[in-house]
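Please study the sequence and the three-dimensional view below before reading on. The paragraphs that follow lead from the helices to the residues that join them.

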Amino acid sequence: MNIDERIEREQACIDDLMAEIKIHVQKGEINKAIQRDKDLHNSLKQLETLHERKRLWITAEVLNKRGILVQVVKKDVEMA
């Protein structure tokens with residue numbers, strides 16, 4: 001799945017979560033709404049990360065077209 005598809009999927013998830021939150025609030029199911037709100041925040045963070053990755057890939061592509069050879073390298077962080 002490419003980055004644009006992942007962004008689209010995450011945006012659809014966000015839309016669904018917002019609709020669910022509204023339904024739970026209307027039904028008085030506050031605990032469920034709170035959980036969906038936490039899920040919404042996680043999805044928003046994921047969407048932000050995906051957009052940052054896309055900008056990075058676009059920057060590398062622009063530089064390569066200008067003749068400046070660059071590569072995007074996956075950063076692997078190990079928690080101690």
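The expected span of a helix is 1.5 Å times one less than its number of residues. The model shown here is a predicted one, and its helix α2 can be set against that rule. Helix α2 comprises residues 30-65, which is 36 residues in all. From its first C-alpha to its last it reaches 52 Å, close to the expected 52 Å. After α2 comes Gly67, which has a positive phi, near 95°.

Which residues of α2 are buried? They are Ala33, Leu40, Ser43, Leu47, Leu50 and Ala60. The cover over these buried residues includes helix α1, which spans residues 3-27.

Several of these names return in the interior of the model. The largest nonpolar core has 8 residues: Ile7, Ile14, Leu17, Ile21, Ala33, Leu40, Leu47 and Leu50. Helices α1 and α2 each supply at least two residues of this core. A general tendency is relevant here: in soluble globular proteins, nonpolar side chains tend to be buried together. Ile21, a member of the core, illustrates the contacts in detail. When residues up to four places away in sequence are not counted, Ile21 touches Ala33, Arg36, Asp37 and Leu40.

Charged side chains provide a second kind of link. How many salt bridges does the structure hold? There are 4 salt bridges. In one of them, the side chains of Asp4 and Lys54 meet at 2.6 Å, N to O. Asp4 belongs to helix α1 and Lys54 to helix α2, so this pair ties together parts that are 50 residues apart in sequence. Asp4 counts as partly exposed because its relative accessibility is 39%. Lys54 is also assigned to the partly exposed class, with a value of 28%.

Another salt bridge joins the side chains of Arg36 and Glu20, at 2.9 Å from N to O. Because Arg36 lies in helix α2 and Glu20 in helix α1, the pair ties together parts that are 16 residues apart in sequence. Arg36 is partly exposed, with a relative accessible area of 26%, and Glu20 is partly exposed at 30% relative accessibility. These two residues also take part in a network of salt bridges that links Glu20, Arg36 and Asp39.

A further salt bridge is found within α2, where the side chains of Lys65 and Glu61 meet at 3.3 Å, N to O. These two residues of helix α2 are 4 residues apart, about one turn of the helix. The geometry follows a general rule: an α-helix has 3.6 residues a turn, so residues three or four places apart point the same way. Lys65 counts as exposed, at 67% relative accessibility, whereas Glu61 counts as partly exposed, at 44%.

One charged residue remains to be considered. Glu10 is found in helix α1. Is Glu10 buried or exposed? Glu10 is buried, yet it has no salt bridge. The nearest side chain of opposite charge, that of Arg9, is 4.9 Å away. A salt bridge requires the side-chain nitrogen to be within 4 Å of a carboxyl oxygen. Leaving aside neighbours within four places in sequence, Glu10 is in contact with Ser43, Gln46, Leu47 and Leu50. Among these contacts, Leu47 and Leu50 are also members of the largest nonpolar core.

Conventions
Residues are numbered from 1 along each chain as its sequence is written. This is a predicted model: local features need pLDDT of at least 70, side-chain atom pairs count only at pLDDT 80 or more; totals for chains, interfaces and linings use all residues. Side-chain values use heavy atoms; hydrogens and water are left out. Buried means under 20% relative accessible area, exposed over 50%, partly exposed in between (1.4 Å probe, protein chains only). Contact means heavy atoms within 4.5 Å. A nonpolar core is a set of buried Ala, Val, Leu, Ile, Met, Phe, Trp, Tyr and Cys residues joined through side-chain atoms within 4.5 Å. Lys and Arg count as positive and Asp and Glu as negative; His and the chain ends are not counted.
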